[in-house]
Amino acid sequence: MTSLRALIADLVGHDPDEPPVRRPGVAEALARCRPGEVVAAADGADDVAVLRLSTGEACVVADRCPHDGGLLSDGFVEDDRLVCARHQWELDPRTGRCPHRAGVVVQVRAVAGSRDS
Ligand code: FES
């Protein structure tokens, strides 16, 4: 049986009773992010998702799913697309566009070209 607390955490993307977890800066997140991974980070006051494609190319996108606000950093990378964990919407992290939903775009913060960025 699912607890109310677990249900709320699923709906809002985190447990509101837990203290906030410190997010690393973008550079720190990039240093630890391997190809095919996504890491939660902070770009100033903004939450972002940092990920690496299979080639090592780095992408940084706003950490809010355009569908229902889920944390994209809780998702996963599949075939160089970022997949939201909540309802599996996909987006191209290079452009921010959702390939199956015309007009839906998430903000791309920065794109670095190499593993050492
Ligand atoms: S919140 Fe529904 S797919 Fe991301």
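Strands are taken here as DSSP runs of at least two residues in state E, numbered from the N terminus. On this basis, in the predicted model, Asp79 lies in the loop that connects β4 (76-78) with β5 (81-83). The phi angle of Asp79 is near 50°, a positive value in a residue other than glycine. Asp79 counts as exposed because 9 C-beta neighbours lie inside 10 Å, where the limit for exposure is 12 or fewer.

A second non-glycine residue with positive phi is Gln88, for which the angle is about 65°. Gln88 occupies the loop between β5 and β6 (90-91). With 11 C-beta neighbours inside 10 Å, Gln88 is therefore also classed as exposed.

The strands that flank these two loops belong to an open sheet. Its 3 strands follow the order β4-β5-β6, with antiparallel pairing. β4 and β6 form the edges, each pairing on one side only. Between β5 and β6, which run antiparallel, there are 2 bridges, and Val83 is placed opposite Glu90 of β6. In general, the strands of a sheet pair through backbone hydrogen bonds, in either a parallel or an antiparallel arrangement.

Antiparallel pairing is also found between β1 and β2, which are joined over 6 bridges. In this pair, Val39 stands opposite Val50 of β2. The hairpin formed by β1 and β2 has 2 residues between the strands, and within this hairpin Gly44 adopts a positive phi near 65°.

Both strands of the hairpin also contribute to the largest nonpolar core. This core comprises 23 residues, and Ala49, Val50 and Val61 have the most contacts inside it. Two or more residues are supplied by each of α2 (26-32), β1 (38-43), β2 (46-52) and β3 (58-62). In soluble globular proteins, nonpolar side chains tend to be buried together.

The surroundings of Ala49 were examined further. When neighbours within four places in sequence are left aside, Ala49 is in contact with Val38, Ala40, Val61, Asp63, Leu72, Ser73 and Leu82. Val61, one of these partners, is itself named with Ala49 and Val50 among the residues having the most contacts inside the core. Val50, in turn, is the residue of β2 that stands opposite Val39.

Key: Residues are numbered from 1 along each chain as its sequence is written. This is a predicted model: local features need pLDDT of at least 70, side-chain atom pairs count only at pLDDT 80 or more; totals for chains, interfaces and linings use all residues. A nonpolar core is a set of buried Ala, Val, Leu, Ile, Met, Phe, Trp, Tyr and Cys residues joined through C-beta atoms within 7 Å. A residue is buried if 20 or more other C-beta atoms lie within 10 Å of its own, exposed if 12 or fewer, and partly exposed in between; C-beta atoms are placed from the backbone. Helices (H or I, at least four residues) and strands (E, at least two) are DSSP runs, numbered from the N terminus. Two residues are in contact if their C-beta atoms, placed from the backbone, lie within 7 Å. Two strands pair if DSSP finds at least two bridges between them.
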